[in-house]
Amino acid sequence: MKTLKTILLSLFIAASMGAVSTSALAETDAGRVTYKPAEAIDMVVAKIQTAIEGISKGASGEEAAALIKPAIDLSKEINANDKVDNARAKANRKLKAAMSHAKESALQESEAELRDAKKDFEALKGLI
């Protein structure tokens, strides 16, 4: 009887946690667009490529920083699991370094950081 009570109590607790779980009830806010992780990665890589092309065409430091900013903002949309999030954070640090180099008008270093960040973001697809 004691074992039966323990089993029933465990089942009741599990069922109640599943019924009111925040992840089970998770929805997006009205007006917010959510992306699948692979789609978000592709968008970030495209923004990084745009920034690389802008630097190679002779953009100024402030213009390059303005081109890098959307990539940093979009990288926050990549949400799959902890492993992907850790790798995304490392790649995001390279984007931020590229932005700081761009603000200092060190465009060669900025472009090198962008190329490294692009490789890292492309590698995220293998972790999904």
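**Notebook: helix α4 and the core around it**

I began with what lies over α4 in this predicted model, and I found that the cover of its buried residues includes α2, α3 and α5.

I then listed the buried residues of α4, which are V84, R88, A91, N92, L95, A98, M99 and A102. Because they cover an arc of only 115° around the axis, I place them on the same side of α4. In general, an α-helix has 3.6 residues a turn, so residues three or four places apart point the same way. On the face turned away from the buried side of α4, I noted the exposed residues D82, K83, K90 and R93.

Next I checked the length of α4: its 22 residues reach 31 Å from the first C-alpha to the last, close to the 32 Å expected at 1.5 Å a residue. At the start of α4 I found a side-chain oxygen of N81 within 3.1 Å of the backbone nitrogen of K83, and just after α4 I noted that S105 has a positive phi of about 65°.

I turned last to the largest nonpolar core, which has 25 residues and in which I48, I68, I78, L95, L114 and F121 have the most contacts. I saw that α2 (37-56), α3 (61-75), α4 (82-103) and α5 (107-123) each supply at least two residues of this core, with the largest share, 8 residues, coming from α2. I looked up I78 separately and, leaving aside its neighbours within four places in sequence, I found it in contact with A40, I41, V44, V84, R88, F121 and L124.

Terms used:
Residues numbered from 1 in each chain as written. Predicted model: local features only at pLDDT ≥ 70, side-chain atom pairs only at ≥ 80, totals over all residues. Heavy atoms only, no water. Core = buried A, V, L, I, M, F, W, Y, C linked by side-chain atoms within 4.5 Å. Buried < 20%, exposed > 50% of the residue type's maximum accessible area, 1.4 Å probe, protein only. Helix = DSSP H or I, 4+ residues; strand = E, 2+ residues; numbered from the N terminus. Contact = heavy atoms within 4.5 Å. Expected span 1.5 Å × (residues − 1). Arc of directions from axis to C-beta. Polar contact = N/O pair within 3.5 Å; in protein donor to acceptor, adjacent residues only side chain to side chain.
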